[in-house]
Amino acid sequence: MTDARARTGEVIYVSTLPGLEPALEAEARERGLSFRRAEGGIECEGPAGLHQTANLHLRTASRVLLRLGTFSAPTADALVQGLEALPLADVWDGKVPLRMSVTLHRSVAPGPAVVLESASVAWGQEVAAAGHLDDEDGGPGLTLLVRGDGERWTVSADTSGAPLYQRGYRQEVGRAPLRETLAAGILRLAGYAGDVPLVDPMCGSGTFLVEGAWLSQRRAPGMLRTFAFQSFPSFDSQAWARLRAEAEAGSLAEPRAPMRGFDLNAGALGTARRNARRAGVTLTLERHDLRTLKAPPDAPGLVVANPPYGKRVGEADDLPELYRALGATMNGAFREWRKALIVPEEPKLVASLGLKGARSLNVKNGGLRCLLLLSGA
Ligand SMILES: C[S@@+](CC[C@H](N)C(=O)[O-])C[C@H]1O[C@@H](n2cnc3c(N)ncnc32)[C@H](O)[C@@H]1O
């Protein structure tokens, strides 16, 4: 049995959205985290409280897990012994619900997999039943993630709670909102550092602009929300208060460059304005058709857009024309600007857009295969 904390403090696993792995790694590098690549994210080792830092600061993280232990268990008995030896009391006080999620790698043969899975679930149910649950005050509870790969088992505690794209500012959404983590990842993959103007010609609820403003202000993305780790018995509230105070002190009152959004739909602009207010940022928003949009007079910056994908009834027919118009505005009025467009992976639409000199990266948006088209210096 390896107690994951005994080595140098703690080991965490940080997951991200498909395609955003390089953005997450870049963020981790920037924060000086020591990490190794893992499937769907990174594994980091560092001092106690590392999970707090990761939850508070990593813009492209979907969820942060705290490794409780790894052990080898070829049989159900050995598995239960391994589970019993975990430092569960650090993360669970027995007063909130305990949930278990068991995933088995295909290296575990189907027969033993059933036995092992039911042994770990039965253990979880027994432990959970021994807790003194108070449903009214119990809060959201603890999720334990048990993963078997061959005879190797890894058990982790979810430290995030609600997924990290839920920053807390976007209480209203537009028609097809982008996850905040995806918006932040796209900005990073486009090389946006927050020091040049940002324009979103189809801004909807304003996700790119708020994320761009926070990035530019160096504002930590987790400042407006709470996390599952705050109900762990081992929660160090003083360290957390210090971490938040440092984050506050390290952020700027205003973005370092203008954040401008346009949309044809006046209702979407109202949503963007209210989301921005909740996020504590000021955006310049204007109703405009992208067909006649001119680049603002600022130094060229980044123009970023998430056009409609044609999933709504009647929308698909107009899409090639809309994409042609978007391409014309990008190649024309915004020719001096860097561009980042997230579009569905549909060759005809990409051809209609005709974005000059673009390279493309594979990303997913709400489970849909998309391309992130990047062009410009
Ligand atoms: C997929 S949504 C953008 C969602 C946005 N990224 C968010 O996070 O909320 C596409 C937006 O394009 C806008 N739009 C459609 N046609 C437009 C046009 N011709 N000019 C400007 N905006 C347009 C729609 O009103 C909609 O808000």
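**A core shared by two domains**

The largest nonpolar core in this predicted model counts 101 residues, and Ile12, Val14, Ile186, Val304 and Leu372 have the most contacts inside it. A nonpolar core here is a set of buried Ala, Val, Leu, Ile, Met, Phe, Trp, Tyr and Cys residues joined through C-beta atoms within 7 Å; buried means that 20 or more other C-beta atoms, placed from the backbone, lie within 10 Å of a residue's own. The core lies between domain 1 (2-158) and domain 2 (180-225 + 257-375), because both give residues to it. The domain bounds come from an automatic or database domain assignment.

Ile12 is in contact (C-beta atoms, placed from the backbone, within 7 Å) with Cys44, Leu50, His51, Ala54, Val64, Leu65, Leu66 and Arg67, once neighbours within four places in sequence are set aside.

As for the domain pair, the C-alpha centres of domain 1 and domain 2 sit 35 Å apart. Contacts link 13 residues of domain 1 to 14 residues of domain 2. On the domain 1 side, helix 1 (21-30) and helix 2 (50-57) each supply at least two residues; helices are DSSP runs of H or I, at least four residues, numbered from the N terminus. By class, that side has seven nonpolar, five polar and one charged residues.

Then there is the ligand. Of the 22 residues around it (C-beta atom, placed from the backbone, within 6 Å), Met202, Gly204, Ser205, Thr207 and Asn265 come nearest. The shell splits into 12 nonpolar, six polar and four charged residues. In these classes, Ala, Val, Leu, Ile, Met, Phe, Trp, Tyr, Cys and Pro are nonpolar, Asp, Glu, Lys and Arg charged, and the others, Gly among them, polar.

Residues are numbered from 1 along each chain as its sequence is written. Since the model is predicted, local features need pLDDT of at least 70 and side-chain atom pairs count only at pLDDT 80 or more, while totals for chains, interfaces and linings use all residues.

Notes
Contact = placed C-beta atoms within 7 Å. Buried ≥ 20, exposed ≤ 12 C-beta atoms within 10 Å, placed from the backbone.
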